[in-house]
Protein chains: 2
Amino acid sequence: MSGYLGSFVHQVDAKGRVALPASFRRGSESEGFILIQVHEDALSLLPHSSWRPIEEELRELVRKQPQSRARILGLTASALEVSTDKQGRILIPDRMRELVGLGREALFVGALNKIEIWAPDRFEEKTRAPDTKFDRFIESIFA
Amino acid sequence: MSGYLGSFVHQVDAKGRVALPASFRRGSESEGFILIQVHEDALSLLPHSSWRPIEEELRELVRKQPQSRARILGLTASALEVSTDKQGRILIPDRMRELVGLGREALFVGALNKIEIWAPDRFEEKTRAPDTKFDRFIESIFA
DNA sequence: CCACTTTCCCCCACTTTTCCCCACCGGCCC
DNA sequence: GGGCCGGTGGGGAAAAGTGGGGGAAAGTGG
C-alpha cells in the first residue's frame with residue numbers, strides 16, 4: 001500500500017479536536033498514532049507501524065551515545081500517543097499547538113510514511129523558497 | 001506497546017505526594033516502581049519490568065569488578081521501591097526531592113523504558129541547547 | 001512493656017479535564 | 001429525494017488531579 005499523500009485543511013474546534021482526513025485513517029484507525037514534534041515548524045503524526053522502529057533506534061542511540069540523552073529526552077517529552085475518537089478526530093494539546101503556531105486551522109500534509117500538521121501560513125512560507133537544483137533532481141526522478 | 005511518552009507537571013502536596021500521570025500508570029499499576037537517582041538532575045522511575053534486567057547487570061558488575069562495589073552501593077543506597085496509593089499517587093521522600101531540587105512542582109517526562117522526574121526549570125535549561133548537527137541526525141531517523 | 005511521636009496510607013470531597021455520544025450540516029451518488 | 005459519508009459542534013458522564021482528616025503502623029524513649 002502506498003504512503004500518505006495530499007493536503008487537507010481542517011478546523012480545530014474549541015476543545016482542540018481536529019478531524020483526521022478520511023484518506024489518512026485507513027488501516028491506522030485501530031492501531032493509533034504517535035504525535036511528536038520533530039521539526040521546528042510542524043508536528044509529525046506517525047502510525048504505530050512507523051513509530052516502532054524509530055523508538056527502537058532511539059533506545060539504541062541513547063545506549064550507545066549517553067551524551068545524547070538530554071536531546072532525546074527533549075524529543076520524547078514532546079511526544080504523545082493519540083487515538084481517534086468515534087468521529088475520526090484526534091486531540092492536539094494546547095501546548096503542542098502553540099509550539100508550531102497552530103491556530104483555528106490545521107493543514108494536514110501527507111509525507112509518505114508519516115503525516116505532518118502545519119499552520120497553513122507557515123507551510124506556504126517554507127515551501128515557497130525556490131531551489132532549481134532540487135527541482136532538476138525531482139524532475140529527473142519522474143522522467 | 002510503546003514506551004513512556006509526554007511530559008506532565010503535577011503538584012507536590014504538603015505530604016510529599018505527587019499524582020503519577022494517568023498515562024504512565026497503565027500496566028505498571030500492579031507491579032510497582034523503583035525510584036532511583038541515576039543522573040544528577042533528575043530522579044528515574046522504573047517499572048519493575050525495566051528494573052529487573054538492570055539489577056541483574058549490577059550484580060554481574062560487582063561480581064566481575066569488585067572495585068566498583070562502593071559506587072554501586074551509592075546507587076542502591078538511595079534507591080527505593082514505591083507504589084501508588086489508591087489515588088494513583090507516589091510518595092517522594094524529602095531527601096530525594098532535595099537531591100534534584102524539586103519544589104512545589106514536579107515534571108514527569110516519558111523516556112521510553114522509564115520515567116524521569118525533574119524540577120521544571122532545570123529541565124528547561126538542560127534541553128534548550130540547540131544542536132543543528134544532532135537535529136539533522138534525528139530528522140534522518142524519522143525520514 | 002508501655003506511652004508518645006512520626007510517618008504512612010486509606011477514605012472522602014471537590015474541581016478540572018477528558019472523552020464518549022448524539023446531533024446537525026453539506027455534498028455526492030445512486 | 002433518500003441514504004451515505006465526511007466534517008463540525010456541544011452536553012454530560014467519567015476520569016484525573018488536588019487537598020485534608022484521621023486511624024493504623026512503625027520508630028523512639030523511658
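Start by selecting A19(B) in this predicted model and displaying its surroundings: leaving aside residues up to four places away in sequence, A19(B) touches H10(B), R25(B), G88(B), R89(B) and F108(B). Colouring by secondary structure places A19(B) in strand β2 of chain B, which covers residues 17–19. If you switch on a surface, keep in mind that A19(B) counts as partly exposed, because its relative accessibility is 24%, whereas a residue is called buried under 20%.

From A19(B), move to L45(B), which follows 26 residues further apart in sequence and lies 13 Å away in space, taken from C-alpha to C-alpha.

**The enclosed strand of chain B**

Now select residues 43–47 of chain B, which form strand β4; five of the five residues are buried, so the strand is largely enclosed by the rest of the structure. Turn the view to examine each face of β4(B) separately: on one side are L43(B), L45(B) and P47(B), on the other S44(B) and L46(B), and all of these are buried, so that both faces are covered.

Add residues 33–36 of chain B to the selection, and strand β3 appears, running antiparallel to β4(B) and joined to it by four bridges. Within this pairing, I34(B) has L46(B) as its bridge partner. The connection between β3(B) and β4(B) is a hairpin, which passes through six residues.

Next add residues 114–118 of chain B, which make up strand β8; here too the strands run antiparallel, with three bridges joining β8(B) to β4(B). To find one of these pairings, select S44(B), whose bridge partner in β8(B) is E116(B).

**Along DNA strand C**

Select DNA strand C and show the protein residues around it: 13 residues surround the strand, and the closest are K15(A), Q87(A), K15(B), K86(B) and Q87(B). Of the atoms of DNA strand C that come within 4 Å of the protein, sugar and phosphate account for 32%. Colouring this surface by residue class gives nine charged, two polar and two nonpolar residues.

Three side chains deserve a separate look here. On chain A, select K86(A), which has a polar side-chain atom 3.5 Å from a phosphate oxygen of DNA strand C. On chain B, K86(B) likewise faces the backbone of the strand, with an N or O atom of its side chain 3.0 Å from a phosphate oxygen. R17(B), by contrast, has a polar side-chain atom 3.4 Å from a base nitrogen of DNA strand C. To see which elements give two or more residues to the surface near the DNA strand, select residues 89–91 in each chain, where you will find β6 of chain A together with β6 of chain B.

**Chain A, and the two copies together**

Hide the other chains and look at chain A by itself, where the secondary structure comes to seven helices and eight strands. Its C-alpha atoms fill a box of roughly 40 × 40 × 30 Å along the principal axes. Of the 143 residues in chain A, 41% are buried. If you draw the contacts of chain A that have a separation of 6 or more, 59% of them are accounted for by residues 24 or more positions apart.

Finally, bring chain B back and superpose it on chain A, which takes a rotation of 25 degrees with 13 Å of shift along the axis and gives an RMSD of 0.4 Å. When you then compare the contact residues of the copies, you will find that they use different surfaces, since 7% of the contact residues of chain B recur in chain A.

Definitions and conventions
Residues are numbered from 1 along each chain as its sequence is written. Chains are lettered from A and ligands numbered from 1 in the order in which they are written. This is a predicted model: local features need pLDDT of at least 70, side-chain atom pairs count only at pLDDT 80 or more; totals for chains, interfaces and linings use all residues. Side-chain values use heavy atoms; hydrogens and water are left out. Copies are superposed by least squares on the C-alpha atoms of residues with pLDDT of at least 70 in both. Contact means heavy atoms within 4.5 Å. A residue is near a molecule or strand if one of its heavy atoms lies within 4 Å of it. A polar contact is a pair of N or O atoms within 3.5 Å; within protein, one must be able to donate a hydrogen and the other to accept it, and residues adjacent in sequence count only if both atoms are side-chain atoms. Ala, Val, Leu, Ile, Met, Phe, Trp, Tyr, Cys and Pro count as nonpolar, Asp, Glu, Lys and Arg as charged, and the others, Gly among them, as polar. Buried means under 20% relative accessible area, exposed over 50%, partly exposed in between (1.4 Å probe, protein chains only). Two strands pair if DSSP finds at least two bridges between them.
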